[in-house]
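Here is a short, friendly briefing to read with the structure open beside you. Please keep the viewer at hand as you go through the points.

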Amino acid sequence: MGSIIAICSSKGGVGKTTLTTALAVNLAAVGYRVAVCDADRNQAFAVWHKTTYDGPPLAVTSEIDHNAIVGHLMGLTEQSDVVLADTAGFENQTAVFAMGTADLVLIPCMADRNSVLEARKTAGQVESIGKIARRPIPYRIILTRWNPKGLSDKATLEDIEAAGLPRIKQHVPDLVAFQKSTFSGIVPISGLVGIQMDRIIEELVALEALPAKPQEKAA
């Protein structure tokens with residue numbers, strides 16, 4: 001059975017769907033069988049995939065009902081190496097239940113104080129859900145729309161480290177390529193984006209949130 005990675009934050013606009021998109025496409029490009037569940041009522045990922053996407057095969061479904069999300073995600077693991085759950089940008093039961101099924105929760109955080117506050121809040125929620133489930137649910141902050149040289153980015157990183165929040169070392173850059181992909185349907189799998197996503201994948205494998213599948217990246 002495949003693993004489940006839930007991408008969650010109680011704050012909207014922090015790059016959850018961008019992260020889901022970049023991660024899903026780059027995972028598929030190196031040979032993983034990838035399923036994406038769009039659990040957000042806005043259905044941004046599902047609509048983009050249906051109308052615009054041009055890339056490696058992805059199994060994409062939608063499920064926004066908190067009563068059905070657990071069985072839906074677990075069912076997807078039977079034919080996938082990894083299932084990505086793109087959740088809503090506000091507190092709702094569907095996101096909570098998705099966290100409860102996850103082998104890892106990724107919490108996107110942009111370079112602003114409110115994002116850090118919401119990241120801490122979401123991390124606390126994951127810990128509480130883990131207590132209910134009677135198992136630790138691993139989570140990591142992941143820096144999105146990130147410029148390592150920016151002053152606000154450095155201040156945000158200091159806040160994250162001061163809060164003791166574990167994070168993915170590699171960030172998701174703030175690149176025009178991600179904006180273009182919403183129109184072109186083509187997500188970069190080479191160049192700077194490809195290198196950075198490969199590093200994120202390596203970290204996820206090290207965390208045992210992904211099975212190791214060392215294959216050459218598709219051209």
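Which residues does Gln170 touch, not counting residues up to four places away in sequence? Gln170 touches Ile142, Gln196, Arg199, Ile200 and Glu203. Please bear in mind that this is a predicted model. The bullets below start with the whole protein, move to the largest pocket, and then visit four residues.

**Overall build**

- The protein holds 8 helices and 6 strands.
- If you follow the sequence from start to end, these elements come in the pattern β-α-β-α-β-α-β-α-β-α-β-α-α-α.
- A compact globule of 219 residues would have a radius of gyration near 17 Å, so the 16 Å of this protein agrees with that expectation.
- The C-alpha trace spans about 40 × 40 × 30 Å along the principal axes.
- Take the contacts between residues at least 6 apart in sequence: 80% of them join residues at least 24 apart.

**Surface and interior**

- Of the 219 residues in the protein, 50% are buried.
- The protein exposes about 10,300 Å², and 53% of that area is supplied by carbon and sulfur atoms.

**The largest pocket**

- The volume of the largest pocket is about 180 Å³.
- This pocket is lined by 14 residues, and the closest to its centre are Gly13, Val14, Gly15, Lys16 and Thr17.
- Sorted by class, the lining has 8 polar, 4 charged and 2 nonpolar residues.
- Helix 1 (16-29) and strand 4 (82-87) each supply at least two residues of the lining.
- Helix 1 gives the most to this lining, with 3 residues.

**Ala22, in helix 1**

- Ala22 also belongs to helix 1, the helix that gives the most to the lining of the largest pocket.
- Ala22 has a relative accessible area of 1%, so it counts as buried, a label that applies under 20%.
- Beyond the residues up to four places away in sequence, Ala22 touches Phe178, Val187 and Met197.
- One of these partners, Phe178, is 156 residues from Ala22 in sequence, yet their C-alpha atoms are 8.1 Å apart in space.

**Ala59, in strand 3**

- You will find Ala59 in strand 3, which covers residues 59-62.
- Ala59 has a relative accessible area of 40%, which means that it is partly exposed, as this value falls between 20% and 50%.
- Leaving aside neighbours within four places in sequence, Ala59 is in contact with Val34, Ala35 and Val36.
- The C-alpha atom of Ala59 is separated by 8.4 Å from that of Cys37, which is 22 residues away along the chain.

**Thr156, in helix 6**

- Thr156 lies in helix 6.
- Is Thr156 buried or exposed? With a relative accessible area of 4%, Thr156 is buried.
- Not counting residues up to four places away in sequence, Thr156 touches Cys109, Met110, Ala111, Asp112, Val116 and Trp146.

**Back to Gln170, in a loop**

- Gln170 sits in the loop between helix 6 (151-162) and helix 7 (176-184).
- Gln170 counts as buried because its relative accessibility is 10%, and the cut-off for buried is under 20%.
- This buried loop residue has Arg199 and Glu203 among the residues it touches.

Key: Residues numbered from 1 in each chain as written. Predicted model: local features only at pLDDT ≥ 70, side-chain atom pairs only at ≥ 80, totals over all residues. Heavy atoms only, no water. 1 Å grid on protein atoms, 1.4 Å probe; cavity = no way out; pocket = protein on both sides within 12 Å on 5 of 7 lines; lining within 4 Å. Points joined across faces, edges and corners; volume = space filled by probe spheres on them. Helix = DSSP H or I, 4+ residues; strand = E, 2+ residues; numbered from the N terminus. Nonpolar A, V, L, I, M, F, W, Y, C, P; charged D, E, K, R; others polar. Rg over C-alpha atoms; globule rule 2.2 N^0.38 Å. Buried < 20%, exposed > 50% of the residue type's maximum accessible area, 1.4 Å probe, protein only. Contact = heavy atoms within 4.5 Å. Areas by Shrake-Rupley, 256 points an atom, 1.4 Å probe, with all protein chains shown as cover.
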